[in-house]
Amino acid sequence: QVQLVESGGGLVQAGGSLRLSCAASGRTFSSYRMGWFRQAPGKERDFVASVSWDGRRTYYADSVKGRFTISRDNAKNTVYLQMNNLKPEDTAVYYCVAERTGASWSKGDWGQGTQVTVSS
């Protein structure tokens, strides 16, 4: 199990950028695939992006392709989400998740979330 702490959220105007960070505890971070999800008010938690344990494979939701970039630094036990050209519909609480077995993300370890608000 890992403990995750997200940071980097905030208020930004449409078209702006933010970089989210997710710091993980523990010495086995590099064995986990990592993901970012988001949840807007009144909506379900949706997949945003994920990265394999070695950083070589990345996956994105169609809604963020070309605007968001996920990366990780295993030496720092941290995963990042660079968000560019933000839109009001990107407003949500963003969560990072760590999962090691290839099972559903819902069975992973989740952070507490960080709020991202994009004004028009």
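**Entry 1: Asp 62**

I looked up the exposure of Asp 62 in this predicted model. Asp 62 has a relative accessible area of 64%, so I record this residue as exposed, the cut-off being over 50%. I then placed Asp 62 in the secondary structure and found it in the loop between strand 6, residues 58–60, and strand 7. I also took one distance from this residue: its C-alpha atom is separated by 16 Å from that of Thr 91, and the two residues are 29 apart along the chain.

**Entry 2: Val 64**

I turned next to Val 64, which has its place in the loop between strand 6 and strand 7. Is Val 64 buried or exposed? Its relative accessibility is 0%, so I enter Val 64 as buried. Asp 62 is assigned to the loop between strand 6 and strand 7 as well, yet Asp 62 is exposed.

I then asked which residues Val 64 is in contact with, leaving aside its neighbours within four places in sequence. The search returned Arg 38 and Val 48. I also looked up the spacing from Val 64 to Leu 86: C-alpha to C-alpha it is 9.2 Å, for a sequence separation of 22 residues.

**Entry 3: the disulfide**

How many disulfides does the count come to? I found one. The pair is Cys 22 and Cys 96, with the sulfur atoms 1.9 Å apart. Cys 22 belongs to strand 3 (residues 18–24) and Cys 96 to strand 9 (residues 92–99), so the bond ties together parts that lie 74 residues apart in sequence.

I checked the exposure of both partners. Cys 22 is buried, at 0% relative accessibility. Cys 96 is likewise buried, with a relative accessibility of 0%.

**Entry 4: backbone angles at two asparagines**

I noted a positive phi at Asn 77, about 55°, although this residue is not a glycine. Asn 77 sits in the loop between strand 7 (68–73) and strand 8 (78–83). Its relative accessibility is 18%, and because the limit for buried is under 20%, I list Asn 77 as buried.

Asn 85 is also not a glycine and has a positive phi, here about 50°. I located Asn 85 in the loop between strand 8 and strand 9. With a relative accessible area of 43%, Asn 85 is partly exposed.

**Entry 5: the whole chain**

I then recorded the overall architecture. The protein has 11 strands and zero helices, and read along the sequence the pattern is β throughout.

For the dimensions, I compared the radius of gyration with the value for a compact globule. For 120 residues that value would be near 14 Å; the protein has 13 Å, which agrees. Along the principal axes, the C-alpha atoms fill a box of roughly 40 × 25 × 25 Å.

I looked up burial for the chain and obtained 42% of the 120 residues. Among contacts with a separation of 6 or more, 57% come from residues 24 or more positions apart.

**Entry 6: surface and charge**

I entered an accessible surface of about 6400 Å² for the protein, with 46% of this area belonging to carbon and sulfur atoms. For the charges, I noted 15 positive and 10 negative side chains. The centres of these two sets lie 5 Å apart.

How values were computed: Residues are numbered from 1 along each chain as its sequence is written. This is a predicted model: local features need pLDDT of at least 70, side-chain atom pairs count only at pLDDT 80 or more; totals for chains, interfaces and linings use all residues. Side-chain values use heavy atoms; hydrogens and water are left out. Helices (H or I, at least four residues) and strands (E, at least two) are DSSP runs, numbered from the N terminus. The radius of gyration is taken over C-alpha atoms; the globule rule is 2.2 Å times the number of residues to the power 0.38. Buried means under 20% relative accessible area, exposed over 50%, partly exposed in between (1.4 Å probe, protein chains only). Contact means heavy atoms within 4.5 Å. Accessible areas come from the Shrake-Rupley method with a 1.4 Å probe; for residues, only the protein chains shown count as cover. Lys and Arg count as positive and Asp and Glu as negative; His and the chain ends are not counted. The place of a charge is taken as NZ of Lys, CZ of Arg, CG of Asp or CD of Glu. A disulfide is a pair of cysteine sulfur atoms within 2.5 Å.
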